[in-house]
Amino acid sequence: MKALIPWVHAKNCQDETAGLLRYVGFDVDEVLLGELLEGKHSILDYDLVFDSGGFGHGDHIRSGIRTAIKLKRLARDWEKFYDERKLFVGVCNGFQDMVQGGFLTTQEEAISSQEFTLLSNEFGPYRVHDVYL
């Protein structure tokens with residue numbers, strides 16, 4: 001199984017993510033997002049795309065929009081990627097990228113307009129609890 005970790009210079013968790021994925025048996029490539037956009041690599045060559053965290057473009061609501069806009073430029077590839085039932089996982093800022101880019105969707109297509117959003121925590125402290133999907 002092959003995994004791709006696309007990253008931008010502002011993120012800093014791709015190495016830890018790669019180590020974890022290798023530990024569970026993946027062959028891993030860490031690729032600058034720009035190289036994907038230039039066609040030097042393709043998401044279609046991978047079974048898993050893992051968008052890691054690490055303060056990409058800041059640690060605030062909507063910081064994922066810049067990376068999301070770039071990821072959406074690969075829309076045709078994403079359609080094929082999802083048609084083949086491959087996985088796209090996002091953690092921390094990577095999850096923001098997925099939300100801001102419309103990758104989490106209830107629609108049939110792989111990418112839609114943004115249906116969900118992230119909000120500021122009105123209580124201030126972090127809350128940890130199980131969420132069942």
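Contact is taken here to mean heavy atoms within 4.5 Å. In the predicted model, L44 touches D77, K80, F81 and K86 once residues up to four places away in sequence are set aside. The position of L44 is in the loop between α2 and β3, the latter spanning residues 48-51, and the C-alpha atoms of L44 and K80 lie 7.4 Å apart although the two are separated by 36 residues in sequence. With a relative accessible area of 24%, L44 is classed as partly exposed, because that class covers the range between the 20% limit for buried residues and the 50% limit for exposed ones.

The largest nonpolar core comprises 15 residues, and those with the most contacts inside it are L4, L36, I43, V49, W78 and F88. To this core, α2 (33-37) and α4 (75-83) each supply at least two residues. Another core, made of eight residues that include I5, A18, L21 and F26, lies apart from it. For F88, the contacts that remain when neighbours within four places in sequence are left aside are with V49, D51, L71, W78, F81, Y82, M98 and F103.

At the surface, L20, Y23 and V24 make a nonpolar patch of about 380 Å². Y23 belongs to helix α1, which runs over residues 14-23, and this residue counts as exposed because its relative accessible area of 73% is over the 50% cut-off.

Conventions
Residues are numbered from 1 along each chain as its sequence is written. This is a predicted model: local features need pLDDT of at least 70, side-chain atom pairs count only at pLDDT 80 or more; totals for chains, interfaces and linings use all residues. Side-chain values use heavy atoms; hydrogens and water are left out. Patches are made of residues with over 30% relative accessible area and no salt bridge: like charges are joined within 9 Å, nonpolar side chains (Val, Leu, Ile, Met, Phe, Trp, Tyr) within 5 Å. Accessible areas come from the Shrake-Rupley method with a 1.4 Å probe; for residues, only the protein chains shown count as cover. A salt bridge is a side-chain nitrogen of Lys or Arg within 4 Å of a carboxyl oxygen of Asp or Glu. Helices (H or I, at least four residues) and strands (E, at least two) are DSSP runs, numbered from the N terminus. Buried means under 20% relative accessible area, exposed over 50%, partly exposed in between (1.4 Å probe, protein chains only). A nonpolar core is a set of buried Ala, Val, Leu, Ile, Met, Phe, Trp, Tyr and Cys residues joined through side-chain atoms within 4.5 Å.
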